[in-house]
Amino acid sequence: MRKYELIAPCHFGLESVLKREINDLGYDVTETVDGRVSFAGDEEAVARANIGLRTADRVLIKIGSFKAVTYDELFEGTKALPWEDYIPSDGRFNVVKASSIKSTLFSPSDIQSIMKKAMVERLKLKYNLSWFPETGHDYPIRVTILNDNVTVGLDTSGVTLQKRGYRKLTAKAPIAENLAAALLNLTPWHADRILVDPFCGSGTFPIEAAMKAANMAPGVNRDFIACDWNDLVGRSVWKDAFDEAREAIDLSVETDIKGYDLDKDMVDIARANARLAGVDKLIHFQQQDIKDLRQPGHYGFIITNPPYGERLEEKKDLPALYGTLGERFRALSDWSMFVITSFEGTEAAVGRKADKNRKIYNGMMKTYFYSFMGKKPEKRRQS
Ligand SMILES: C[S@@+](CC[C@H](N)C(=O)[O-])C[C@H]1O[C@@H](n2cnc3c(N)ncnc32)[C@H](O)[C@@H]1O
């Protein structure tokens, strides 16, 4: 079985969550830098990581790295990489993404075209071809240049891992599925505890929580670009990894997960998405205004992504809306609450200082993940 160095990019600020997930899958993390975690693995790891990682954006096979401050160095460095070990003579290959941080070379289009030329030069010699038909499978290359160090990866995921396949219908401002999963992992929530999202939109938090509770791998119902690369990740390896993920699912788990939204269409969308994900039996969705939020039960968790003004509502409505959220939360005396938002007045409006406040980038938007911790159940406190 082929061995690889793998790179999993993720949201900035959530590397520690991804690192834990990779360890839990049984792989050794070799490096963690801003926005990506590297680990050692084989063909099986490529398949299992793509299917099983809830918080990564994609899984890349590292082709190599080198330093480049001129385009000549970029060309030579790229040409020196063993492309023939990865791309067959009929493969379609392109640098689909080049990003540059604190580096001399920064023009993505120039980086992309120079690297493609260098790859062609190398493969021409290796395959003894003067022209490449590129009629075979896709081999997308992703490159990051950080402090003039070029890291070259072959993307094994294709469509970003954020897309599980269940969110055919989206809300007005949906949270990325892998971001929702990572935030859930940052809370002490467990399948045996209550979870409520009072602003559920398309249902991402409740669905991700239900999938986690049922031990359903996020990628079990989709495919990946590397499923076509028999030479790099064998078909039987994929089959075994999918079988393993399917066998692990336990839909008999008892859950108390609820999603509410003021907008009836959103509630219908959330239900449809949960059905597509196969976890609709584990979640209760209902139309409800936050002002009516009342819950039986103790030690529950509110985990939510309320409106935050940028894209949806007028900013002026936010203090009152977050004030209502705070008031409803206080009435649930032993509950905890976790809120992701870019609204800077959250603590003032909720009426309480957060126990923790983590800065997280949601794409280019700076957001905060506020933790308002409640009491722990008696048993847990003693243990
Ligand atoms: C940022 S979106 C949530 C997106 C959601 N996390 C998702 O992934 O789709 C905020 C949601 O709050 C809902 N909302 C706005 N005002 C509300 C209120 N007073 N009570 C309950 N829901 C409300 C909106 O309809 C919208 O779906």
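This is a short talk on a few local features of one predicted model.

Let me begin near the start of the chain, with helix α1, which covers residues 15-25. Its buried residues are Glu 15, Val 17, Leu 18, Glu 21 and Ile 22, and when one looks down the axis of α1 they fall within an arc of 160 degrees, so they line one face of the helix. As a reminder, an α-helix has 3.6 residues a turn, so residues three or four places apart point the same way. What do the buried residues of α1 pack against? They pack against three strands, β1 (3-9), β2 (29-33) and β3 (36-42), and also against helix α5, which is formed by residues 177-186. After α1 comes Gly 26, and its phi is positive, near 105 degrees.

Next, please find strand β5, residues 92-101, and strand β6, residues 138-146, which pair with each other in the parallel sense over 9 bridges. To get from β5 to β6 the chain passes through helix α4, residues 108-127, and this β-α-β crossover is left-handed. If you would like one pair of residues to look for in this pairing, take Ser 100, whose bridge partner in β6 is Ile 145.

Moving on from β6, we come to Asn 147, which is found in the loop between β6 and β7, the latter being residues 149-155. Asn 147 is not a glycine, and yet its phi is positive, at about 50 degrees. Is Asn 147 buried or exposed? It counts as exposed, because it has 9 C-beta neighbours inside 10 Å.

A positive phi is also found at Tyr 299, again a residue other than glycine, where the value is near 55 degrees. Tyr 299 sits in the loop between β10 (283-287) and β11 (301-304), and because it has 17 C-beta neighbours inside 10 Å, it counts as partly exposed.

I would like to finish with Thr 341, which lies in strand β12, residues 336-341. Why does Thr 341 count as buried? The reason is that it has 22 C-beta neighbours inside 10 Å, where the cut-off for a buried residue is 20 or more. Leaving aside its neighbours within four places in sequence, Thr 341 is in contact with Asn 305, Pro 306 and Tyr 308, as well as with Thr 346, Thr 367 and Tyr 368. For a sense of distance across the model, you can compare the positions of Thr 341 and Ser 130, which are 211 residues apart along the chain and whose C-alpha atoms are separated by 54 Å.

How values were computed
Residues numbered from 1 in each chain as written. Predicted model: local features only at pLDDT ≥ 70, side-chain atom pairs only at ≥ 80, totals over all residues. Pairing = 2+ DSSP bridges. Helix = DSSP H or I, 4+ residues; strand = E, 2+ residues; numbered from the N terminus. Right-handed = clockwise from strand over helix to strand, strands pointing away. Buried ≥ 20, exposed ≤ 12 C-beta atoms within 10 Å, placed from the backbone. Arc of directions from axis to C-beta. Contact = placed C-beta atoms within 7 Å.
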